Amino acid sequence: MAKPKRRYICAACGSVTHRWQGQCADCGEWNTLAEEAPTTVFSAKHDLSSGGRAIQFEALDAPGEKLSRRSTGLAEFDRALGGGLVPGSAVLMGGDPGIGKSTLLLQAAAAIARSGADAVYISGEEAAGQVRMRAERLGLADAPILLAAATSVRDILTTLAGMAPPKLLVIDSIQTMHSDQIEGAPGTVSQVRASAFELIRYAKENGTALVLVGHVTKDGSIAGPRVLEHMVDVVMSFEGERSHQYRILRCIKNRFGPVDEIGVFAMEGAGLAEVGNPSMLFLSGREQPVAGSAVFPAIEGTRPVLVEVQALIVRLASGATPRRAVVGWDSGRLAMLLAVLEARCGLSFSSAEVYLNVAGGYRLADPAADLAVAAALVSALADKPLPADAVWFGEVSLAGEIRPVAHGGIRLREAAKLGFGRAFGPADLPAKQDGTRFTPLALLPNLVDRIMSGA
């Protein structure tokens, strides 16, 4: 390989010479020649500082076409999205197998197609005949959905390029897609990333709302590379126990709206039905007062949801190792709360098995549930039912203090709307709240004394 020639450039006039000298021969300036780094074949090939086209910068207040959201035809789906689908957005939806992801998207695609817009449904896991069979069962056979069974991204994009861009494009699922530019089987990290990149680029350039269905791992996280969640605009999780009929669509990431919004559905024979009042759904079957049952007004995004927290305490013989089982709540949070009850309130759970359950397959992540869980535990330990018309909310600190939580007024209004006349919580709210009598509690021992005395 030939040795690259050295170049010296004058800092004053920019002239080039292949030999260093004290004075520039062109402008006459002294000591202005500096050696330029030699250019190799590799650096010339990978130098991105030239050869491209200039991009246009825009001001934030520049006039342009305003994007308007498109309704999916399902109010609960729109709520979880923050108001509907944004043109050109990419949505990643994950969930356990059989939870209802394909059913939900087929219903949304049918509603959009019936409104006069083009909706394309690409199935990589089922044949077209199988999708049609499910559509007939759901009563959607007459919807003008553009249906295809394909797994090649090149074939999909070539087909879409020959038609008007659709308003909705559903890919079910991204783990079955493959690009012929990448080596590897479908579902590998490189294939998932490359396929998603090409589909998202098409959606951005043509203003198509793209929905990608993603598989999940055994711990519930979306399978594939983590960068997939960074590439999309919205990440949604479809949750629920298959033994229950209730499903919760939760928004985890949203570039166009609030996060932590939820949509509630009920799985029925004719598909997913929307649940407009989820509080009544999670509180069903509370006719008789039972010890260890407390009602908690949770907040999911902007929506208040009343759920039932159930606790069971079983005394064991001396020397046996007690169990701690939790369904729907954080097990570490339960261990902390049991420690606070023992250290600050003098209650002993060391020789008892503790079982905690959130009714209806609901999962709580709100720290305000501490007080409701504590009330259920103390009620189960004392075998004394809590007041049937009471709700409980507040965060418990390690010192046994009941700390304020957000949206106290919204929680109380939802409780009053459903007929709950009493509420217990942190001491930062007025005693009268829209028909609900509020009782402030400053310390966790106050809660224990009230339950033990039956007040």
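A cavity, as I use the word, is a set of grid points where a 1.4 Å probe fits but cannot get out. Its volume is the space filled by probe spheres set on those points. Keep that in mind for the first part. And note that this is a predicted model.

So, cavities. The count comes to two of 30 Å³ or more. I'll take the second largest. Its volume is about 40 Å³. What lines the second largest cavity? From the earlier part of the numbering we have R69, L81, G84, L85, V86, S89 and V91. V234, N254 and F256 complete the lining. By class, that is six nonpolar residues, three polar and one charged.

Next, a helix pair. Helix α3 covers residues 101–114, and helix α4 covers 128–137. Their axes lie 11 Å apart, and the packing angle is about 75°. Angles of 65 to 115 degrees count as roughly perpendicular, so α3 and α4 are roughly perpendicular to each other. Which residues meet? On the α3 side, S102, T103 and L106. On the α4 side, V131, R134 and A135. The contact divides into three nonpolar, two polar and one charged residue.

Last, one arginine. R411 sits in helix α11, residues 408–417. Is R411 buried or exposed? Its relative accessible area is 3%. Buried means under 20%, so R411 is buried. Now its surroundings, leaving aside neighbours within four places in sequence. R411 contacts F296, P297, A298 and I299. D366 and A368 also touch R411. So do F393, V405 and A406.

That's my tour. Happy to take questions.

Key: Residues are numbered from 1 along each chain as its sequence is written. This is a predicted model: local features need pLDDT of at least 70, side-chain atom pairs count only at pLDDT 80 or more; totals for chains, interfaces and linings use all residues. Side-chain values use heavy atoms; hydrogens and water are left out. On a 1 Å grid over the protein atoms alone, a cavity is a set of points where a 1.4 Å probe fits but cannot get out, and a pocket is an open set with protein on both sides within 12 Å along at least five of seven lines; lining residues have an atom within 4 Å of a point. Ala, Val, Leu, Ile, Met, Phe, Trp, Tyr, Cys and Pro count as nonpolar, Asp, Glu, Lys and Arg as charged, and the others, Gly among them, as polar. Axes are lines fitted to C-alpha atoms, for helices over the stretch in contact, and angles run from 0 to 180 degrees between N-to-C directions. Helices (H or I, at least four residues) and strands (E, at least two) are DSSP runs, numbered from the N terminus. Angles under 35 degrees count as roughly parallel, over 145 as roughly antiparallel, 65 to 115 as roughly perpendicular and the rest as oblique. Contact means heavy atoms within 4.5 Å. Buried means under 20% relative accessible area, exposed over 50%, partly exposed in between (1.4 Å probe, protein chains only).
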